[in-house]
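Dear colleague,

I am passing on to you the structure that follows, together with some notes on what I found when I went through it. Please read the notes with the structure open beside them.

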Amino acid sequence: MESSKRRKIAHPVPKKKPVVEDPPAKSSPEPSDEESATVEEVPSAEEDAPKKTFKDLGVVDALCEACDALGYKHPTPIQERSIPIALQGRDIIGLAETGSGKTAAFALPVLQALLDKPQPLFGLVLAPTRELASQIGQAFEALGSLISLRCAVIVGGLDMVPQSIALGKKPHIIVATPGRLVDHLEKTKGFSLRTLKYLIMDEADRLLDMDFGPSIDKILKFIPRERRTYLFSATLSSKIESLQRASLRDPVRVSISSNKYQTVSTLLQHYVFIPHPQKDTYLIYLVNEHAGQSTIIFTRTVWETQRIAILLRTLGFGAIPLHGQLSQSNRLGALNKFRAGTRDILVATDVAARGLDIPKVDVVLNLDLPQDSKTYIHRVGRTARAGKSGVAISLVTQYDVEIYLRIEAALGKKLQEYPTVKEEVMTFQPRIEQAQRHARNEMKNLTEDRGKKGSVLKGGKRSGREGPKRRRDEMDKDEG
Ligand SMILES: Nc1ncnc2c1ncn2[C@@H]1O[C@H](COP(=O)(O)OP(=O)(O)OP(=O)(O)O)[C@@H](O)[C@H]1O
Ligand SMILES: [Mg+2]
């Protein structure tokens, strides 16, 4: 770490700073139950108070300059409220809407603490997907650009040897998916996190759910209990038990919501109620209505993601699939093409539901509804980020009514129906039927080629469509 004139002595860490305990009525989007007994809350900032700067929050000059270079003029509300508390050395549970700047809210205090006491293997950031880990790594690199930060991204699907070499260079910050980090902790000689000072779980509710349980428990055994811990998400349960596994010490809960719903006010949300057999037709109609706009289509399975991408391409749309059965280079390639605008439609499983920050996304289409309302909130949060506007449309069939009503109940509002004229939609049908036949054949070939050298899909041959048991298939559970 460079010794720079910009560097300042970090703030002293008081044993325990008194924080006002009464939560403001509208600060939490979730019903507050037992949490105030064990977790302190901070009140929201004065609505009409003059806008603060990062310097006002106690951020040192080198990091303020990096924010400036990224175009961050003022802290966002979650940054404004959590950074000063984090700089006091407290554990944080940070809850704020999608696209509200949570990444910098946890990165800045860690980087500042690192500047204060530079050491290798200082902070570990865990994320549930490889693409998100790599995005967070880039955010750390950008914010740490003026302080010679060394950051390593350790994710599954890539060769372990270069990762071992990167770890051997003793990075300050590691951003990792849990499974692959466990592999290195168990197998990479000389790699240890015994001196780690900061643990951050981004998308903490996802990391603390059952899928990641075993890996997280192992990681917690490898790192010191004496550390700072930050948990961040747009959907954190107010039930403390579910967060206890992360063994926080005396945490402060910072909860921000710009309105009483769980999604941002710049997001327009609609549903279309349709007969199940006509899903493809309605989807193509909606894609056509939004032609030229940057769109993410979410589906429930790998198979459907691949099929819809083929269907759209056959009809002349620039679509690319992203799911857990692609090789890692294909996954990153798909995302890069979509980010760069070479393709304007990303067809994805829930591997893309959380955290991905692609500012130009205009539309989110839910071809299939997700199984739970949290995933819905994250999916639609891929648009309308950082104050921008966006549209989300969900296709609801006769089989989805129950889950749809659950989502509406979680949102706390009724969504408006997206106006469609059935006769107009049906004019697409003949061309779609032709494209469906082509897509079916292509899928058959892909399934047969599965696992062969150069094939798109990984793994052994599978028998066609994945049934309900495969619902959470490879779509959002990264093995590492
Ligand atoms: N202070 C700021 N001023 C302007 N833009 C900002 C600021 N902080 C962050 N951003 C930008 O806002 C966008 C969203 O930030 P980020 O990805 O951290 O959101 P998030 O809260 O983590 O969302 P999600 O819940 O979807 O993960 C990013 O493009 C980021 O660069
Ligand atoms: Mg995020």
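In this predicted model, helix α4, which covers residues 102–116, packs with helix α5, residues 130–143, at an angle of about 50°, and the axes of the two helices are 10 Å apart. An angle from 65 to 115 degrees would count as roughly perpendicular and one under 35 degrees as roughly parallel, and α4 and α5 are therefore oblique to each other. The crossing that α4 and α5 make is right-handed. On the side of α4 the contact is made by T103, A104, A107, L108 and L111, while α5 contributes I136, A139, F140 and L143. Sorted by kind, the residues of this contact between α4 and α5 comprise eight that are nonpolar and one that is polar, with no charged residue among them.

Two residues may also deserve your attention for their backbone angles, given that most residues other than glycine have a negative phi. What is the phi of E203? The value for E203 is near 55°, which is positive even though the residue is not a glycine. E203 sits in the loop that runs between strand β6 (198–202) and helix α8 (204–207). A residue is buried if 20 or more other C-beta atoms lie within 10 Å of its own, and E203, with 25 C-beta neighbours inside 10 Å, therefore counts as buried.

The second of these residues is D250, another non-glycine residue, with a positive phi of about 50°. D250 is found in the loop between helix α10 (240–244) and strand β8 (252–255). Is D250 buried or exposed? Because D250 has 11 other C-beta atoms within 10 Å, this residue is exposed, the cut-off for that class being 12 or fewer.

There is also a record to set beside the model: an unreviewed UniProt entry carries the annotation "domain: DEAD-box RNA helicase Q" for residues 52–80. In the model, the C-alpha atoms at the two ends of residues 52–80 lie 8 Å apart, and this span is 45% helix and 0% strand.

As for the chain as a whole, there are 17 helices and 15 strands. Of the 480 residues in the chain, 48% are buried. Where contacts join residues at least 6 apart in sequence, 76% of those contacts are between residues at least 24 apart.

With best wishes

Terms used
Residues are numbered from 1 along each chain as its sequence is written. Chains are lettered from A and ligands numbered from 1 in the order in which they are written. This is a predicted model: local features need pLDDT of at least 70, side-chain atom pairs count only at pLDDT 80 or more; totals for chains, interfaces and linings use all residues. Axes are lines fitted to C-alpha atoms, for helices over the stretch in contact, and angles run from 0 to 180 degrees between N-to-C directions. Helices (H or I, at least four residues) and strands (E, at least two) are DSSP runs, numbered from the N terminus. Angles under 35 degrees count as roughly parallel, over 145 as roughly antiparallel, 65 to 115 as roughly perpendicular and the rest as oblique. A crossing is left-handed if the near helix is turned anticlockwise from the far one by less than a right angle, and right-handed if clockwise. Two residues are in contact if their C-beta atoms, placed from the backbone, lie within 7 Å. Ala, Val, Leu, Ile, Met, Phe, Trp, Tyr, Cys and Pro count as nonpolar, Asp, Glu, Lys and Arg as charged, and the others, Gly among them, as polar. UniProt positions are given in the numbering used here, feature names are shortened, and annotations may be inferred rather than shown by experiment.
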